[in-house]
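Reader: I would like to see how the labels on a model like this follow from its numbers. Could we go through them one by one?

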Amino acid sequence: MTIKLWDLAGAEDDRRFSPNCWRVKMALRHKGLEAEEIPWRFTEKDAIAFSGQKLVPVIVDGGREVHDSWSIAAYLDEAYPDRPLLVSGDEARTLSYFFKHWVERSIHAGVVKVIIVDLFNQLHEKDRAYFRESREKRFGKTLEQFGADRNGALAALRGALEPLRPVLIEQPFVAGRAPGLADYLLFGAFQWARAVSPIRLLEPDDPVYAWRERVMDLFGGYAREAKGYPVWA
Ligand SMILES: N[C@@H](CCC(=O)N[C@@H](CS)C(=O)NCC(=O)O)C(=O)O
């Protein structure tokens with residue numbers, strides 16, 4: 001039976017911008033699993049109430065519900081151990097867990113500062129008031145104030161990526177010679193930005209840019225074909 005995934009969308013059904021949902025969509029393809037990606041908006045809490053919480057990604061696989069991108073990835077390896085593993089071994093799992101937190105704290109936190117106003121403009125009408133209110137409360141300032149120093153935020157983001165560069169010069173993927181969960185954990189951040197903002201996050205001579213190209217080419221160019229802005233804009 002096809003897995004169902006509730007996937008955050010903007011004003012248009014096919015503008016899918018959640019970094020955490022992108023992690024799951026890439027993980028599903030890595031496992032070679034079919035999924036129905038159901039467009040979902042921030043204010044459609046009722047649609048995922050069965051999961052007992054208010055955030056996506058949420059999947060349903062047969063009778064089983066799983067939410068949270070990390071938990072979903074772990075579930076997929078557990079439920080489908082004969083398909084390509086996302087993470088193999090305890091050491092890789094622990095390091096991937098560290099990497100996930102680094103991505104969220106250092107990279108997501110940087111990306112959101114760069115794209116916040118563009119992101120707001122791509123939201124569905126019905127989500128705008130909720131998003132503004134919840135994020136302004138979280139940031140302690142208006143969206144426009146939070147995103148005011150875009151150039152400074154972009155420079156900080158590029159600096160935060162520095163530990164990845166020596167790794168991606170030595171090997172094609174964060175996970176090694178072949179892509180794995182660590183790649184998808186990070187890649188979600190770039191699809192998030194590309195889905196909503198024309199800003200050029202990376203310069204073409206950056207090893208991270210070349211890595212992103214490789215990940216966009218995976219699974220027949222699945223991520224590249226998704227609605228978004230060209231990365232060289
Ligand atoms: N730790 C969770 C985070 C999930 C999360 O923050 N999801 C966002 C979309 S990327 C969401 O559903 N937000 C709804 C809201 O803010 O109301 C994961 O990795 O899946």
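Author: Gladly; what follows is a set of questions about labels and the values behind them. Please keep in mind that this is a predicted model.

Reader: Let's begin with helix packing. What makes α1 oblique to α8?

Author: Helix α1 (residues 19-30) and helix α8 (residues 181-196) pack at an angle of about 135°, with their axes 7 Å apart. Angles over 145 degrees count as roughly antiparallel and 65 to 115 as roughly perpendicular. The angle of about 135° falls in neither range, so α1 is called oblique to α8. The crossing of α1 past α8 is right-handed.

Reader: Which residues of α1 and α8 meet there?

Author: On the α1 side they are P19, N20, W22, R23, M26 and A27, and on the α8 side L181, Y184, L185, F187, G188, A189, Q191 and W192. Sorted by class, this contact holds 10 nonpolar, 3 polar and 1 charged residues.

Reader: Why are α3 and α6 called roughly antiparallel?

Author: Their packing angle is about 160°, with the axes 8 Å apart. The label needs an angle over 145 degrees, and α3 with α6 meets that, so the two are roughly antiparallel to each other. This crossing is left-handed.

Reader: What does the contact between α3 and α6 consist of?

Author: From α3 come S106, I107, G110, V111, K113 and V114; they meet R150, A153, L154, A156, L157 and A160 in α6. The classes here are 8 nonpolar, 2 polar and 2 charged residues.

Reader: And how do you know whether α1 and α2 are parallel or antiparallel?

Author: The axes of α1 and α2 cross at roughly 10° and come within 9 Å. Angles under 35 degrees count as roughly parallel, and therefore α1 and α2 get that label. In α1, N20, R23, V24 and A27 take part, meeting S69, I72, A73 and L76 in α2. The α1 contact with α2 has 5 nonpolar, 2 polar and 1 charged residues.

Reader: Now the interior. What makes up the largest nonpolar core?

Author: That core has 53 residues, and those with the most contacts inside it are A27, V111 and L181. At least two residues come from each of β1 (3-8), α1, β3 (58-61), α2 (69-79), α3 (90-122), α6 (150-160), α8 and α9 (207-225). Helix α8 gives the most, with 12 residues. A27 also appears in the contact of α1 with α8 and in that of α1 with α2. As a general point, nonpolar side chains tend to be buried together in soluble globular proteins.

Reader: Why is K126 called exposed or buried?

Author: K126 has 12 other C-beta atoms within 10 Å. A residue is exposed if that count is 12 or fewer, so K126 qualifies as exposed. K126 sits in the loop between α3 and α4 (128-139). Leaving out residues up to four places away in sequence, K126 touches R41 and T43. From K126 to I115 there are 11 residues in sequence and 20 Å in space, C-alpha to C-alpha.

Reader: What makes F139 partly exposed?

Author: F139, in helix α4, has 15 other C-beta atoms within 10 Å. Exposed needs 12 or fewer and buried 20 or more, so F139 lands in between as partly exposed. F139 and L185 are 46 residues apart in sequence and 24 Å apart in space, C-alpha to C-alpha.

Reader: Finally the backbone. What is unusual about D68 and F219?

Author: Most residues other than glycine have a negative phi, and most peptide bonds are trans. D68 has a positive phi of about 85° although it is not a glycine, and F219 has a positive phi near 55°. D68 lies in the loop between β4 (64-67) and α2, whereas F219 belongs to helix α9. D68 has 17 other C-beta atoms within 10 Å, so D68 is partly exposed. F219 has 17 C-beta neighbours inside 10 Å and therefore also counts as partly exposed.

Reader: How do you describe the peptide bond from V56 to P57, cis or trans?

Author: That bond is cis, with omega near 10°. P57 is in the loop between β2 (35-40) and β3.

Conventions:
Residues numbered from 1 in each chain as written. Predicted model: local features only at pLDDT ≥ 70, side-chain atom pairs only at ≥ 80, totals over all residues. Axes fitted to C-alpha atoms, helices over the stretch in contact; angles between N-to-C directions. Helix = DSSP H or I, 4+ residues; strand = E, 2+ residues; numbered from the N terminus. Left-handed = near helix turned anticlockwise from the far one by under 90°. Contact = placed C-beta atoms within 7 Å. Nonpolar A, V, L, I, M, F, W, Y, C, P; charged D, E, K, R; others polar. Core = buried A, V, L, I, M, F, W, Y, C linked by C-beta atoms within 7 Å.
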